[in-house]
Amino acid sequence: MARPRRIVLVRHGESTGNVDASVYEREPDHALALTERGRRQAEEAGRTLRGLFGRERVSVYVSPYRRTHETLGALGLDPALIRVREEPRLREQDWGNWQDREDVRLQQAYRDAYGHFFYRFAQGESGADVYDRVGGFLESLWRSFEAPDHPPNVLLVTHGLAMRLFCMRWFHWTVAEFECLVNPGNGETRTLTLGEDGRYTLDRPFARRRDPEPYGITG
């Protein structure tokens, strides 16, 4: 099994929806574009990634949203060194088709009270739903490592929640541990690096909003 040396997760750059929530009332979530600031964030991330990958090959998986595709384009990776696949399971959490701002604010308050992992938006998904599809993708990704010529690097261009849930699934974090985490910033990365002991480690933790509050002992 040719496990990659690195698995890098990158959140898309700032989108129009990140600066103006009213845009969700007029445009589909998947169609929102990067702002100029978001493009600069992606370009900065690209400089870091090009230095990290060097001339090594990269297997890229990108969410089907416009902002993630635009982020990938702004990274400036060498087309000769990357293999790109659109991966719908890495898409953003579904909050509903057309989002009324006041309704979303109310549901966000419900989610904060109920729990980010279990609360399901009225016309969308719960964090648990996203966990299931990210877990399905991870299983497919693991099977791809069986190819003897698999690239030494994997890059996922995705969304903040998907990044946290991917790491939760990979490192077997509990729901309580997940609940205390916050999304990385736009254009931020997290890197899983394969060590000599055959285990992957995360280069830096996600910021926390509070300490975990588990129901019981696990592990």
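Okay, let's start with Arg-190: relative accessibility is 4%, so this arginine counts as buried. Keep in mind throughout that this is a predicted model. What does the charged end of Arg-190 sit over? The ring of Phe-206, and the distance to the ring centre is 4.9 Å. Arg-190 also has an acidic partner, since its side chain meets that of Glu-188 in a salt bridge, 3.1 Å from N to O. Glu-188 comes out at 28% relative accessibility, so that one counts as partly exposed. So here we have a salt bridge with a buried arginine and a partly exposed glutamate.

Staying with charges for a bit. How many salt bridges does the structure hold? The count is 20. I'll pick out a couple that sit within helices.

Take Glu-44 and Arg-47. Their side chains form a salt bridge at 2.6 Å, N to O. Both are in helix α2, which covers residues 36-53, and they are three residues apart, so to speak about one turn of the helix. As for accessibility, Glu-44 is partly exposed with a relative accessible area of 42%, and Arg-47 is partly exposed too, at 47%.

Then look over at helix α4. Arg-105 and Glu-102 make a salt bridge there, with 2.4 Å between N and O. Again the spacing is three residues, about one turn of the helix, with both residues in α4. Arg-105 has 45% relative accessibility, which counts as partly exposed.

And there's a network as well: salt bridges link Arg-5, Arg-6 and Glu-56.

Right, on to the sheet. What is the strand order? Reading across, you get β3-β2-β4-β1-β5-β6, an open sheet of six strands with mixed pairing. The edges are β3, residues 82-86, and β6, residues 200-202; each has a single partner strand, so one side of each has no neighbour in the sheet. On average, neighbouring strands are turned by 20° against each other, ignoring direction.

Inside that order, have a look at β1 and β4. Strand β1 is residues 6-11, strand β4 is residues 153-158, and they pair in the parallel sense over six bridges. If you want a spot to click on, Arg-11 stands opposite Thr-158 in β4. And Arg-6, which I mentioned in the salt-bridge network with Arg-5 and Glu-56, falls in the 6-11 stretch of β1.

Now the aromatics. Searching the whole structure turns up 13 aromatic pairs. One of them is Phe-117 with Tyr-131, an edge-to-face pair with 5.7 Å centre to centre and 70° between the planes. Why does this pair tie separate parts together? Phe-117 is in the loop between α4 (101-114) and α5 (127-144), while Tyr-131 is in helix α5, so the contact joins parts 14 residues apart in sequence. Are the two rings buried or exposed? Phe-117 counts as buried, at 7% relative accessibility, whereas Tyr-131 counts as partly exposed, at 23%.

There's also an aromatic cluster to show you. Which residues form it? Trp-142, Phe-145, Phe-166, Trp-170 and Tyr-200. Going by the numbering, Trp-142 belongs to the 127-144 stretch of α5, and Tyr-200 belongs to the 200-202 stretch of the edge strand β6.

Next, cysteines. How many disulfides does the structure hold? Zero. Cys-167 is in none, and the nearest cysteine sulfur, the one in Cys-180, is 13 Å away. Why is there no bond from Cys-180 either? Its closest cysteine sulfur is the one in Cys-167, and 13 Å is too far for a bond. Buried or exposed, then, for Cys-167? Buried, with a relative accessible area of 0%. Cys-180 also counts as buried, at 0% relative accessibility.

Last stop, Leu-75. You'll find Leu-75 in helix α3, residues 66-75. With 0% relative accessibility, Leu-75 counts as buried. From the C-alpha of Leu-75 to the C-alpha of Leu-52 is 13 Å, and those two leucines are 23 residues apart along the chain. Leu-52, by its number, is in the 36-53 stretch of helix α2, the helix where we met the Glu-44 and Arg-47 salt bridge.

That's my tour, happy to rotate the model for anyone.

Definitions and conventions:
Residues numbered from 1 in each chain as written. Predicted model: local features only at pLDDT ≥ 70, side-chain atom pairs only at ≥ 80, totals over all residues. Heavy atoms only, no water. Phe/Tyr/Trp six-rings, centres within 6.5 Å; stacked < 30°, edge-to-face > 60°. Helix = DSSP H or I, 4+ residues; strand = E, 2+ residues; numbered from the N terminus. Buried < 20%, exposed > 50% of the residue type's maximum accessible area, 1.4 Å probe, protein only. Lys NZ or Arg CZ within 6 Å of the ring centre and 35° of its normal. Disulfide = S-S within 2.5 Å. Salt bridge = Lys/Arg side-chain N within 4 Å of Asp/Glu carboxyl O. Pairing = 2+ DSSP bridges. Axes fitted to C-alpha atoms, helices over the stretch in contact; angles between N-to-C directions.
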